Amino acid sequence: MFEKIAVIGAGTMGHGIAEIVALKGYVVFMCDVSEEILQGAIKKIEWSLRKMVEKGKLSHDDLTSALNRIKTTTNLAEAVKDSELIIEAVPENLELKKEIFSKLDKMTCAETILGTNTSSLPISEIASVTSKPDKVVGIHFFNPPVLMPLVEIVCGDKTSSQTVDRVLTFVKTLDKQAIVCRKDVPGFVVNRILEALIQEAAWIVYRGEASILEVDSAVKYRAKLPMGLFELSDYVGIDVLYSAGKAIQDRDKGVIISPLFEECYKNGWYGKKSGKGFYTYTGDFWEKPKIPPELADKVRLEEIFAPAVNAAAWLLRNKVVEKEELDKAVMLGLNFPEGILQMADKWGIDVIVQVLRSKQSRYGEYYRPDPLLEEMVANNRLGIKTRGGFYEYA
Ligand code: CAA
């Protein structure tokens with residue numbers, strides 16, 4: 001559908017996006033500010049493709065063809081010339097993104113779609129510096145893009161339905177699944193839920209209610225998420241999650257960053273990439289912290305997950321996303337074993353509301369239960385136990 005695609009920024013997300021796009025047969029121009037960064041990115045792509053060959057998921061010929069389809073350049077104009085789709089993945093800095101979009105606007109033709117992989121900055125504000133805000137759209141991949149099946153399509157105030165449809169068709173050609181975040185809300189769908197979850201884990205540890213290992217053990221072995229929340233933070237990057245959380249906090253207080261998280265960020269303990277985050281690392285590429293399963297019962301899952309359920313309820317009440325899409329988002333974007341609304345139905349909506357009220361009385365208004373949850377409790381829609389919650393049960 002597109003002949004040529006440009007990816008601007010060759011960092012963790014940019015190189016992963018270029019890789020997946022090239023794997024699916026597109027010619028991709030990857031652009032960054034230095035040759036050194038670009039060569040580093042190519043090395044990481046080669047490593048990842050070789051892993052797939054090792055595992056029998058890719059032939060050696062396909063590896064070579066994919067690599068041949070990736071062109072690198074430090075020249076933005078060269079990267080975007082004749083590109084029909086551009087995916088920007090530069091650091092999460094609104095001014096930087098606006099500067100780039102202003103340039104892209106002048107360098108591209110009227111039909112070119114200008115996508116941004118931002119994880120939480122306002123699409124409408126990025127689009128405001130262009131002459132074609134109807135063509136500006138969030139195309140949000142998850143880390144690592146090559147393994148994670150979801151792409152979150154985010155509409156700005158002026159994104160046209162035609163642009164969304166074209167991007168949805170493109171995502172299908174990548175063999176990925178998409179959800180559409182219909183409103184440009186802070187954090188969109190996935191990060192609004194993820195940030196509420198991760199920050200709550202960090203608040204629980206900061207308040208001395210449980211240790212890092214106890215929270216991660218509960219999350220990994222009882223909730224059966226693929227990684228503990230501190231493990232995931234180190235993996236994605238504490239700097240990345242901090243700036244996404246800060247963007248949400250500054251815009252509408254949809255999350256409040258915990259001092260524990262802030263301390264890591266301020267000290268430059270970004271996680272795996274800096275050798276230290278919540279855990280320490282020796283430098284092996286795919287190193288995992290050791291999380292003992294026997295600590296899994298030390299903290300209640302509802303205590304960790306209640307603010308994330310509250311964030312999910314906020315998204316539904318504000319008609320940002322449909323409930324099935326919301327659950328699909330956490331299952332495919334974060335590899336949850338089931339949807340967060342399904343989990344809440346199992347725990348009981350009344351239990352979630354009690355936990356939130358208790359936290360509200362101790363720690364403040366951030367924890368006030370969303371009116372949607374209050375209404376569900378008032379209507380006895382408590383989840384599986386009353387055969388109706390977010391979903392109906394026979
Ligand atoms: N390319 C190819 N192979 C890769 C790879 C890559 N980029 N990254 C890792 N691998 C390989 C590993 O080297 C390992 O290979 P070996 O078996 O040879 O050691 C293998 O893949 C991973 O195998 P595992 O069985 O250990 O891992 P897993 O089954 O747990 O899957 C995972 C890994 C998919 C990352 C999984 O742990 C997971 O889903 N974690 C959660 C990730 C997540 O939530 N991502 C979203 C973060 S939020 C975000 O990105 C949004 C944002 O804006 C901040």
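**Notebook: ring contacts and ligand shell**

I looked up charges over rings and found Arg192 over the face of Trp314, at 3.6 Å from the ring centre. I counted a charge as over a ring if NZ of Lys or CZ of Arg is within 6 Å of the ring centre and within 35 degrees of the ring normal. Lys4 also lies over a ring face, that of Phe29, at 4.1 Å from the ring centre.

The model is predicted, so I note that local features need pLDDT of at least 70 and side-chain atom pairs pLDDT 80 or more, while totals for chains, interfaces and linings use all residues. Residues are numbered from 1 along each chain as its sequence is written, and side-chain values use heavy atoms, with hydrogens and water left out.

**Ligand**

I looked up the residues around the ligand (a heavy atom within 4 Å of it). There are 24, and Ser48, Lys51, His140, Lys288 and Asn335 come nearest. I sorted the shell by residue type and got 14 nonpolar, seven polar and three charged. Here Ala, Val, Leu, Ile, Met, Phe, Trp, Tyr, Cys and Pro are nonpolar, Asp, Glu, Lys and Arg are charged, and the others, Gly among them, are polar.

Next I looked up polar contacts with the ligand (pairs of N or O atoms within 3.5 Å). Ser48 has a polar side-chain atom 2.6 Å from a ligand nitrogen. For Lys55 I noted 2.8 Å between a polar side-chain atom and a ligand oxygen. In Asn191, a side-chain N or O atom is 3.1 Å from an oxygen of the ligand. Taken alone, the ligand exposes 1,100 Å², and the protein buries 77% of that; the areas are from the Shrake-Rupley method with a 1.4 Å probe.

I then assigned shell residues to elements (DSSP runs, H or I of at least four residues for helices). Helix 2 (35–54), helix 8 (190–206) and helix 10 (229–236) each give two or more residues. Helix 2 has the largest share, three residues.

**Aromatic pairs**

I paired rings of Phe, Tyr and Trp (its six-membered ring) with centres within 6.5 Å; planes under 30 degrees apart are stacked, over 60 edge-to-face, the rest tilted. The count is eleven pairs. Trp203 and Tyr206 are edge-to-face, with 5.8 Å between centres and 85 degrees between planes. They are three residues apart in helix 8, so about one helical turn separates them. Trp203 is buried (under 20% relative accessible area), at 15%. Tyr206 is partly exposed (between 20% and 50%), at 46%.

I also noted a cluster of Phe2, Tyr26 and Phe170, linked by ring pairs.

Technical notes:
Polar contact = N/O pair within 3.5 Å; in protein donor to acceptor, adjacent residues only side chain to side chain. Buried < 20%, exposed > 50% of the residue type's maximum accessible area, 1.4 Å probe, protein only.
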